[in-house]
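Colleague: Got a minute to walk me through this model? I'd like to start with a helix and then look at the ligand.

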Amino acid sequence: MSSPSVKGMRDLFGPELDWFQRIEHTAARAFSRHGYREIRTPILEYTEVFKRSVGDSSDIVNKEMYEFLDKGNRSVTMRPENTAGVVRAMVEHKLLGSSDPQLFWYIGPMFRYERMQAGRYRQFWQIGAESFGVASPESDAESLLMLHDFLRELGLKQLVFSINSVGTPESRPAFHAAFRAFFQEREASFCGDCHRRIHENPLRVLDCKVPSCQAALEGHPVITDFLDEGSKRHHDRLKELLTQLAIPFEENPRLVRGLDYYTRTAFELLSSDLGAQSALLGGGRYDGLVKQLGGPDVPAFGWALGLDRLAAVLAKLQGEAKPAAPALLVPLGEAAMARALELARDWWAAGCEVQLETRGGALKKALQTANRTGVKVALILGDGELEQGLVAAKHLETGVQETWRLDEVPSRLKA
Ligand code: AMP
């Protein structure tokens, strides 16, 4: 009996992987233009890296980690996100000692033991960027601009970022007090999880997905009314910069993000193209995290986007990322077959995209395959044509057939 893949983990191939690759290539180009360099960290980290950063009260740490003991009895976890790992690496390699900013981006699989839904997997991919060393709102704007322009380059047009400020650990107690009082007045309307959250981390209540909790939140105290002076200035300046750069945004006072480490700016981008599972990406500022993980007191800003979801949105809006090779070379007869590999090799070297029919024999079968896979032109090479240095070019959409000289095939294909 054959085994399926592990639940929630899937194989990537065909048109979906074509989109993944297009996104990756665009990302690598777009981010290096901004001076970001790639970083690759291990998939496995010691569990405490996530407990100390993502936070004990988060759903990720509470319910969703692939956490196990290795053969040496150490608790390790398959990364549920990558900011913690990147920060761990920055600290370990002492990259944050000087005052120079450090700019990094990453791509890779993440793992969360989540309940299955459309667009939600247990192994999924993220692309992210982290910028260390600068606390200014201009740094937030630079990162958001890079993200915005990257998504525009991929062809996404309806981009409206949701933004909020969650203040600092110093300014938050005043909000917590007001919010707890609000909660107590209507506590019967909130779910069991929210009753736990109000003690552990009240901000999390704002993030609850249960509809009755969202309804009970109507008229809640708004965190931006409780910001300290510095956070308020930061937030106002960021909004000015986004306006100046024509990056569309709206303020969302319930936006808090699922992780514990955010300070000041938090943001998300939702897509209406994916139904209920609509969060495409999220991020924000995390000025305290590096210190919390044993490093120097260095401010930072970053975000992560879901590659699986972005690929699905782009496929829905734009169809296939990459059609099959536009040409198929079909050798008929022994002499033609013998020459076909050499001819195709010359055309490949010239940069042409040509698939070679290696089955031999039946033209009809080859043309049927070509029609099914979206080939535009079939190059039919018979022994007779070969002797004269010619090939028959059949345009599959129109049925029109021409005769091309073999030496002009590369220029014709490129045209
Ligand atoms: P988060 O780290 O939870 O803020 O997630 C950032 C982005 O990763 C989300 O906006 C999603 O696009 C994507 N993402 C998170 N969890 C999953 C999942 N289980 N399956 C697919 N994509 C996910």
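Modeller: Sure, one term up front: buried means under 20% relative accessible area, exposed over 50% and partly exposed in between (1.4 Å probe, protein chains only). This is a predicted model, where local features need pLDDT of at least 70, side-chain atom pairs count only at pLDDT 80 or more, and totals for chains, interfaces and linings use all residues. Residues are numbered from 1 along each chain as its sequence is written, and side-chain values use heavy atoms, leaving out hydrogens and water.

Colleague: OK, which residues of H1 are buried?

Modeller: In H1, a DSSP run (H or I, at least four residues) numbered from the N terminus, the buried ones are Trp 19, Phe 20, Ile 23, Thr 26, Ala 27, Ala 30 and Phe 31. They sit on the same side of H1, because their arc around the axis, taken from the directions to the C-beta atoms, is only 140°.

Colleague: And what's on the face turned away from that buried side?

Modeller: His 25 and Arg 33, both exposed.

Colleague: Switching to the ligand: which backbone atoms lie by its oxygen atoms?

Modeller: A backbone N or O atom of Leu 280 is 3.0 Å from a ligand oxygen, and a polar backbone atom of Gly 306 is 3.4 Å from one.

Colleague: Any side chain to add? What about Gln 126?

Modeller: An N or O atom in the Gln 126 side chain is 3.1 Å from a ligand oxygen.

Colleague: Which strand gives the largest share of the shell?

Modeller: S10, with 3 residues; strands are DSSP E runs of at least two residues.

Methods. Polar contact = N/O pair within 3.5 Å; in protein donor to acceptor, adjacent residues only side chain to side chain.
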